[in-house]
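Welcome, and take a moment to turn the model around before reading on. The paragraphs below walk through it one region at a time.

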Amino acid sequence: AFSSDEKTLYAAGGNDNIILCYAIDNNKIGKADTIRLGKPWPNKICPTGIAVNKKNTILYTVTKEDSTLYIVNLATRKTADKIKLAAEAYSCILSPDEKTLYISIWGGAKVAVYNTVTKNISEIGCGSHPNEMVLNKKGTRLFVANANDNSVSIIDTKRNKITETISAALYPTQLTGSTSNG
């Protein structure tokens, strides 16, 4: 994920349990700095998806090994909060008003809806192995790729309900699991 000013690129550090922070200067990526979420492997965290707020003060990352949402204060580079999720997470995306963080729960066939103001979390059932997500510009429709059933779930974000499911299978007779992931 890029910071909104595009001066920093954040990348998940996998089983090293870090977020790599690359400064960008004159369109060139500099050396990596790190945000440590925990001790490296065999300590199981493994960050996957990342989202950064527009003020570049908060980084959200979700994990696949400990199924947790980490909220990082970018000024201190420390974890400010951790919220346990229902299962392994894949990705996360902030709504345009930044009041909602959507989290694809790959291991649970759902999307978690985290209210960044109240800190409450709810869930929306969707296809099997949800992964990459994208919001329309207004933030009223969330598109979720479902890897294990070759589909895309379209969610109305005002009602938090699926309004449509699109088949992404290459052929009508194709078996599930061709891994739609973006």
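Before we look at who faces whom, one term is needed: two strands are said to pair if DSSP finds at least two bridges between them. Keep in mind, too, that this is a predicted model.

Let us begin with the sheet that holds strands S1, S2 and S3. These three strands form an open sheet in the order S1-S2-S3, and their pairing is antiparallel. Strand S1 (8-12) and strand S3 (28-36) are the edge strands, each pairing on one side only. From one strand to the next, the twist averages 25°. Now look at how strand S2, residues 18-25, meets S3: the two run antiparallel and are joined by seven bridges. Within this stretch, isoleucine 24 has isoleucine 29 of S3 standing opposite. As general background, strands of a sheet pair through backbone hydrogen bonds, either parallel or antiparallel.

The loops around this sheet deserve a stop as well. Asparagine 17 sits in the loop between S1 and S2. Its phi is near 60°, which is a positive value in a residue other than glycine. Is asparagine 17 buried or exposed? With a relative accessibility of 0%, asparagine 17 counts as buried, because buried means under 20%. Further along, the loop between S3 and S4 holds proline 42. The peptide bond that leads from tryptophan 41 into proline 42 is cis, with omega near 20°.

Following the chain past that loop brings us to S4, where valine 52 has its place. Valine 52 is buried, at 14% relative accessible area. Compare the position of valine 52 with that of lysine 39: they are 13 residues apart in sequence, and their C-alpha atoms are 23 Å apart in space. Valine 52 also appears in the lining of the largest pocket, where Phe2, Ala51, Val52, Asn53 and Leu94 lie nearest the centre among 15 lining residues. This pocket holds about 270 Å³ of space. Which strands supply at least two residues each to its lining? They are strand S4 (47-52) and strand S8 (91-94). By character, the lining of the largest pocket has nine nonpolar, four polar and two charged residues.

S8 leads us on to another sheet. Here four strands form an open sheet in the order S8-S9-S10-S11, again described by antiparallel pairing. S8 and S11 are its edge strands, each pairing on one side only. The twist in this sheet averages 20° from one strand to the next. Between S8 and S9 there are four bridges in the antiparallel sense, and serine 91 stands opposite serine 104 in S9. Near the far end of the sheet, in the order of its strands, we come to the loop between S10 and strand S11 (121-125), which is the place of lysine 119. Phi of lysine 119 is near 70°, a positive value in a residue other than glycine. Lysine 119 counts as partly exposed, because its relative accessibility is 46% and this class runs between 20% and 50%.

Several of these strands also contribute to the largest nonpolar core. That core has 16 residues, and Leu69, Leu101, Ile103 and Tyr114 are those with the most contacts inside it. Two or more core residues come from each of strand S5 (58-63), strand S6 (68-73), S8, strand S9 (100-105) and strand S10 (110-115). Which of the strands gives the most to this core? The answer is S9, with three residues.

Our last stop is a hairpin made by S14 and S15. Strand S14, residues 151-156, and strand S15, residues 161-167, pair in the antiparallel sense over six bridges. One of the pairs to look for is isoleucine 154 with its bridge partner in S15, glutamate 164. Four residues lie between the two strands of this hairpin, and asparagine 160 takes a positive phi near 50°. Asparagine 160 also helps to line the second largest pocket, together with residues including Ser95, Tyr102, Lys138 and Thr157. About 160 Å³ of space lies in that pocket, and its lining divides into three nonpolar, six polar and three charged residues.

Notes
Residues numbered from 1 in each chain as written. Predicted model: local features only at pLDDT ≥ 70, side-chain atom pairs only at ≥ 80, totals over all residues. Heavy atoms only, no water. 1 Å grid on protein atoms, 1.4 Å probe; cavity = no way out; pocket = protein on both sides within 12 Å on 5 of 7 lines; lining within 4 Å. Points joined across faces, edges and corners; volume = space filled by probe spheres on them. Nonpolar A, V, L, I, M, F, W, Y, C, P; charged D, E, K, R; others polar. Axes fitted to C-alpha atoms, helices over the stretch in contact; angles between N-to-C directions. Core = buried A, V, L, I, M, F, W, Y, C linked by side-chain atoms within 4.5 Å. Buried < 20%, exposed > 50% of the residue type's maximum accessible area, 1.4 Å probe, protein only.
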